[in-house]
Each structure stands twice: as structure tokens, then as C-alpha cells.
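Me: I should like to take a close look at one part of this structure, namely its aromatic side chains and what surrounds them. Please explain this in connected prose suitable for a first-year student.

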Amino acid sequence: MTMNFGSDNQAGVSPAILQTLVQAASGIQSAYGNDDWCARAEQMLCEAFDTPLKAFFVATGTAANCLALSTIAQPWNAVVCHDMAHIAVDENSAPEWFTGGARLLPLATGSGKVLADDLDRFLTSYPASPPHNMLPSAVSISQVSENGLVYRPHEVAALAASAHTKGLRLHMDGARLANAVAALGCHPADITCKAGVDVLSLGASKNGALMAEAVVFFDDALAEHFRIRQKRAGQLVSKSRLIGAQYCAWLQDGHWLQLARQANASARSLADALMATQAARLAWPAEANEVFAILPRALHAQLVSHGVRCADWYDTSVPPGTALATDEMVVRFVASWSSTSDEVQALADLVRRLA
């Protein structure tokens with residue numbers, strides 16, 4: 001029995017998306033995003049978020065995040081983010097490269113998120129003596145956060161209001177936005193455009209697509225010259241229709257949320273199963289499709305030896321006041337759209353047997 005909870009990046013492609021890809025691969029279409037599939041995908045995004053928007057399709061999440069940031073951060077600016085944010089930990093120096101030098105200002109917060117109070121406290125104490133200090137121009141948050149937590153609509157709205165009052169734009173890394181929408185049972189707009197998000201990196205690759213990321217602008221002015229940014233970054237894909245087609249299939253009849261619900265349900269079952277064994281404890285609530293558990297190191301080694309795929313995580317990622325024993329470690333389990341109840345049950349049975 002395969003027990004793969006290493007990453008939702010490792011899951012395959014939804015059959016519905018793959019079928020649409022085959023369809024889009026036939027015939028002749030204009031290149032560089034000027035095709036029927038990309039036009040339809042943008043229209044479907046407008047309908048999904050119930051607002052006019054501009055969407056641009058790229059190949060990777062890093063490109064989506066960093067190109068988005070380049071529109072709201074000049075080389076002399078700074079971007080406030082969580083200290084565990086993907087852009088701060090897992091994207092090398094790409095944010096600085098794409099923005100021409102804008103610096104990330106990571107915040108450590110007890111909540112595992114960047115909230116309005118966190119931003120207010122930080123900016124109050126931040127030195128403001130231009131031209132000697134960088135000028136913060138943007139805040140970036142991840143939905144779902146890197147601790148598996150979901151930002152509620154009121155949290156995003158409060159953060160956006162605080163940022164906008166201070167002249168900062170709000171970027172959302174939505175690599176797992178679908179999982180957040182499914183977890184909250186809300187309208188996609190409630191945690192994005194209606195809450196004040198200016199630009200969204202909307203990822204489909206972790207949720208059933210082959211290779212599909214989008215930069216979505218809710219403010220048209222920010223999208224000016226974006227195609228030029230795409231070209232300079234090597235992200236103006238010639239056969240963009242193959243990305244646009246994936247979004248068409250992903251959004252069709254709510255398929256993106258169906259896939260996310262499956263992943264979330266598997267994660268909840270996995271969290272319940274791990275806790276029932278009393279061999280593990282949760283580092284953070286399992287709110288979407290990730291489970292962060294504290295396990296004995298010996299148990300983790302045994303799980304890996306039995307073929308379980310999971311990721312050893314940062315000891316510093318736990319909430320304040322959470323003590324790790326010398327023989328304990330943080331482990332991340334990620335469920336995907338293709339995770340099955342049999343996989344979850346097999347892992348739970350293995351943990352019980354080994355513990």
C-alpha cells in the first residue's frame with residue numbers, strides 16, 4: 001500500500017484536466033496567451049470570483065509569486081511576510097531577483113499568520129528615515145499558511161485595511177487557495193477581492209493540474225506592462241493555451257473545489273487517526289490539507305522505513321510555548337486530491353502497530 005503524504009506537488013493530474021489538455025493540444029491557436037483557451041479561462045475566473053479581473057498564466061508558483069510582487073515592490077521597497085512564508089524560505093532569492101532588489105521583511109508571529117495587529121506593531125517600530133531605510137510597499141500572506149492554517153475573511157479584510165491605510169498593497173500566495181475556500185465553505189471572493197487582496201497568485205498545480213499557475217489582478221492598474229514582465233522572466237509561454245485549458249477544466253462545474261474537498265477530508269481523517277494512536281500530537285490545527293504532527297524521532301524513522309512519504313519539518317515552526325523533547329520532531333503530512341481513505345487507514349494502522 002502506497003502511503004504518500006509527502007506533498008500535494010507529488011500527486012498526478014486529474015483525469016478531467018488531462019482530458020481537456022488532450023483536446024487543447026489539437027488544432028491551431030494563437031500563441032503567447034492570445035488564444036481561445038486563455039480567454040475562456042480568464043472569463044471563468046471572473047465568474048468564479050464574481051468580479052472583473054486580469055489573469056496571466058505562468059508555469060511555476062515561484063514565477064507567479066515573484067512576478068506579482070514585482071508589480072507592487074520597487075527595488076528600494078520591502079515586502080512584509082511571515083517568517084515561514086514560501087517566498088522567504090523556499091524560493092531562494094527569486095523575490096529579490098524579480099523585483100530588482102526589494103527586500104523581504106519576515107515576521108515571527110505566535111498565531112502562525114500575519115494579522116493586522118502584527119503589521120501595525122511592526123510598522124510602528126520600523127525605522128522610517130528615507131532614503132536610508134527601505135520603504136515597505138507590500139504585505140504578502142499565504143493562503144493556506146505554511147503552518148496549514150486558513151485565513152478567515154475578517155482576518156484578510158482587517159489586514160488589507162491596515163495595509164492600505166499605510167499605503168501598502170496586499171499580495172496573496174494562493175498556492176492552496178482552493179483548499180482554503182473548501183475548508184471555509186465561503187465564496188472565493190470573500191477571502192480575496194472582497195477582503196481587499198490586490199493581486200493573487202492562484203495555483204492549480206498542487207490541486208490536480210499538470211503545471212498551471214496564474215497571476216490574478218483585481219486592480220487593473222497593477223497589470224499594466226505585465227506581459228512585458230512575463231517576457232523578461234521567460235514566463236510568456238508560447239503555447240499558453242495548454243495552461244489556459246487546465247484552468248478551464250479546473251474551474252468547470254466547481255471541479256477545483258471538489259478536488260480540494262477530497263484533500264481536506266483526507267487530512268482531517270489522517271489527523272484524527274494520528275491523534276487516536278496517542279503516539280503523536282498536533283503542532284497546529286489541521287484546517288485544510290496539511291497535518292503538522294509532533295512524533296518521536298524513532299517512530300518517524302520507522303514510518304519512513306516502511307515506505308511512508310512525509311517531510312521532517314522545522315523545529316522552530318511550532319507555536320510559542322510548545323516544547324519538543326529531545327527525542328521528538330515536527331513532521332508534515334500533506335494530503336492531495338488523489339489521497340484515499342485506504343492510504344489514511346494504512347498509515348493509521350502502521351502507526352498503531354509501531355507505537
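Reply: A good place to begin is Tyr247, which counts as buried because its relative accessibility is 0%. The model is a predicted one, and every value below is computed from it.

The partner of Tyr247 is Phe57: the two ring centres are 5.3 Å apart and the planes meet at 40°, so the pair is described as tilted. This pair joins distant parts of the chain, since Phe57 belongs to strand β2 whereas Tyr247 belongs to helix α10 (residues 241-251), and 190 residues separate them. Phe57 also counts as buried, because its relative accessibility is 6%. Ring pairs extend the picture further, linking Phe57 and Tyr247 with Phe49, Phe218, Trp250 and Trp256 into a cluster.

Such descriptions rest on a simple scheme. A pair of aromatic rings is characterised by two quantities, the distance between the centres and the angle between the planes. Across the whole structure, a search finds 11 aromatic pairs. One of them is formed by Phe56 and Phe217, with centres 5.9 Å apart and planes at 80°; the pair is therefore edge-to-face. The reasoning uses a cut-off, as planes over 60 degrees apart count as edge-to-face. Phe56 lies in strand β2 (residues 54-58) and Phe217 in strand β8 (residues 213-217), so this pair too links distant parts of the chain, at 161 residues apart. Phe56 and Phe217 are both buried.

An aromatic ring may also face a charge. The charged end of Lys113 is placed over the ring of Tyr151, at 5.5 Å from the ring centre.

The cysteines may be considered next. A disulfide is a covalent bond that joins the sulfur atoms of two cysteines. The search of the whole structure finds 0 disulfides. Cys46, for example, is in no disulfide, and the nearest cysteine sulfur, that of Cys193, is 10 Å away. Cys46 is nevertheless buried, because its relative accessible area is 15%. Cys81 is likewise in no disulfide; its nearest cysteine sulfur belongs to Cys66, 11 Å away. With a relative accessibility of 0%, Cys81 counts as buried.

Finally, there is helix α11 (residues 255-276), whose 22 residues should span 32 Å at 1.5 Å a residue; the end C-alpha atoms are 32 Å apart, which agrees. Just after α11, Gln278 adopts a positive phi of about 60°.

Conventions:
Residues are numbered from 1 along each chain as its sequence is written. This is a predicted model: local features need pLDDT of at least 70, side-chain atom pairs count only at pLDDT 80 or more; totals for chains, interfaces and linings use all residues. Side-chain values use heavy atoms; hydrogens and water are left out. Rings of Phe, Tyr and Trp (its six-membered ring) pair if their centres lie within 6.5 Å; planes under 30 degrees apart count as stacked, over 60 as edge-to-face and the rest as tilted. Helices (H or I, at least four residues) and strands (E, at least two) are DSSP runs, numbered from the N terminus. Buried means under 20% relative accessible area, exposed over 50%, partly exposed in between (1.4 Å probe, protein chains only). A charge sits over a ring if NZ of Lys or CZ of Arg is within 6 Å of the ring centre and within 35 degrees of the ring normal. A disulfide is a pair of cysteine sulfur atoms within 2.5 Å. The expected span of a helix is 1.5 Å times one less than its number of residues.
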